[in-house]
Amino acid sequence: METLLSGISILLQWQVIVALLIGSIGGVIIGALPGVGAAVAIAILLPATFAFEPIVGLTLLLGIYGSSMYGGAIPAILINTPGTAVNALTTYDGYPMTKRGQGHRALSLAYSASFFGGVFAIICLMVLSPVLALVAPHFGSREIFLAALLGIILVVLAHRGQIFAAGMLAAFGIFLNSVGLEPVKYTRRFTFDQSWLASGIDLIVVVLGLFAISQAFLLLLEKNHAPGDTHVSGNIFAGLKELLGVKRVATVSSSIGVFMGMVPGTGEFTSQFLSYTYAQKTSKNPEKFGDGSPEGLVASEAANNAVPGAAMIPLLALGIPGEALTAMMLSVFYVHNVIPGPQLFENQMDFVLALYMALILLNVIVLVFLLFSTNLLLTIIQIPTRFLGVMILILAFVGVYSLRNSITDCAIAAGFGVFGLILKRLDLPIVPIILGMVLGGIMETKLRSAMARVKTPFDFIDRPIAAILFGLIVLILILHCRTLYYEFKNKLRPEPTMQPVDSDSPNQQG
């Protein structure tokens, strides 16, 4: 009880409340602007949050992260253009409902499902927190190294059809992290006698380049357009009642979102796909999916909004980010010398509870704001894309320069912006680079620390958790190789051919 009251007192600081309001409402607007998204906004705001207390900076970023998917559903439903990439599945059933004159119903269902998924995830995590506090101290250097390695493997394997490219980009991220002074003997690595490389390549510079600057270039190069003028009329509150009719789908979808959020490298896309597939296969009206099914809309929105809260678990408990946005948040911890991991749950449980309560409050604020301000928001988001591109470019370079007052950082960010644009045009993933940089650093530090106590290879996995993690890595790799083998075998199998029919054959004559 004392820990809970301490967490509430942390949350009720005026700076935290202001950050929560700005992050949640700003995240909705950012999410509703097609072509921007939470990753770009968090990348731009990241340098500014270093000046705040860690709870204030994280609350601001969590507000944007958790609320952007609410906003992304609005253009997905009304104009068939997802505000964020993870709202793409929402267009399948949301837009057909709008074409039938049920736009208000679709929005109401989306808001209600998002709220349910978000709150369900946080309640699950608050219940699991005592369990994590017991398990976390058993993670030593070997266990965290293996968990980080498992995270990189899952991130690579999650990009089906692009596994080789994702692996190469993750390796490139690990290489970027190794540039500069190494952390033990302070010898220079890959600096080529260039003094500006001695301090390494800053993660935030790379993040701003790959996400913000590349997106600005993309918006500036595309044809200028703005969302059309739309208006919603009807009872936006009706979805809260209608959600009770599909509570099974909402609960299962939220549970899938929680589980997928906790597994590094999976995230919203996988949870949406599994939830949508489950809802369709168990529905009494599966033929309506893709043509305006309320169950499909609820499955999609509940699943993706359950992920942000769950994604904080590997970050807080082990210091291992599962995707790009939590990797950005990890840097806020490091700047303030608050190290996520087992000690955080042991010594600062009130801080963890304050973050969870902030996420619950975030969902309440966003729901209330959207129920009363949807039409106002539709007016705000009618901004030409090229204007957005210019604003993102300016803010990104201001953020980069503010880090170390370095023109060199701006040049590096611009280079990564061009590289990110090329990757986007080629439809190649960017996330493995960021996770490679973050997880690569964790792996190197923990491996060096663990090797002091390792005499034989078996010493590395002689503890239960290390053995389980190693077993998971081996099992996942075996299953993946098995899948590749069967795919290759099916490709080699000859296609069945039709035998030519001889018209003069006696069997074919009248």
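## Exercises on helix 18, a cavity and a buried glycine

In helix 18, the buried residues (under 20% relative accessible area, 1.4 Å probe, protein chains only) are Asp 409, Cys 410, Ile 412, Ala 413, Phe 416, Gly 417, Gly 420, Leu 421 and Leu 423. The model is predicted, with local features needing pLDDT of at least 70 and side-chain atom pairs pLDDT 80 or more, while totals for chains, interfaces and linings use all residues. Residues are numbered from 1 along each chain as its sequence is written, and side-chain values use heavy atoms, leaving out hydrogens and water.

**Exercise 1.** Work out what helix 18 should span, and find what its buried residues pack against.

*Solution.*
- Helices are DSSP runs of H or I with at least four residues, numbered from the N terminus.
- Helix 18 has 19 residues, 407-425.
- The expected span is 1.5 Å times one less than the number of residues.
- That gives 27 Å for helix 18, and its end C-alpha atoms are 27 Å apart, which agrees.
- The buried residues pack against helix 8 (163-178), helix 9 (203-221), helix 17 (385-404) and helix 19 (431-451); contact here means heavy atoms within 4.5 Å.

**Exercise 2.** Now look at the ends: which residue caps the N-terminal end of helix 18, and which residue with positive phi follows the helix?

*Solution.*
- Ser 406 is the cap, with a side-chain oxygen 3.2 Å from the backbone nitrogen of Thr 408.
- After the helix comes Asp 427, whose phi is positive, near 60°.

**Exercise 3.** Describe the largest cavity and its lining.

*Solution.*
- A cavity is a set of points on a 1 Å grid over the protein atoms alone where a 1.4 Å probe fits but cannot get out; lining residues have an atom within 4 Å of a point.
- The whole structure holds 3 cavities of 30 Å³ or more, where a volume is the space filled by probe spheres set on the points.
- The largest has a volume of about 60 Å³.
- Its lining includes Gly 66, Ala 121, Asn 305 and Leu 362.
- Helix 6 (103-135), helix 13 (294-318) and helix 16 (349-380) each supply at least two lining residues.
- The lining divides into 5 nonpolar, 5 polar and no charged residues, with Gly counted as polar.

**Exercise 4.** Is Gly 257 buried or exposed, and what is it in contact with?

*Solution.*
- Gly 257 is found in helix 11 (residues 247-262).
- Its relative accessible area is 0%, so Gly 257 is buried.
- Beyond neighbours within four places in sequence, Gly 257 is in contact with Ser 271, Ala 303, Ala 306, Val 307 and Ala 310.

Methods
Buried < 20%, exposed > 50% of the residue type's maximum accessible area, 1.4 Å probe, protein only. Polar contact = N/O pair within 3.5 Å; in protein donor to acceptor, adjacent residues only side chain to side chain. 1 Å grid on protein atoms, 1.4 Å probe; cavity = no way out; pocket = protein on both sides within 12 Å on 5 of 7 lines; lining within 4 Å.
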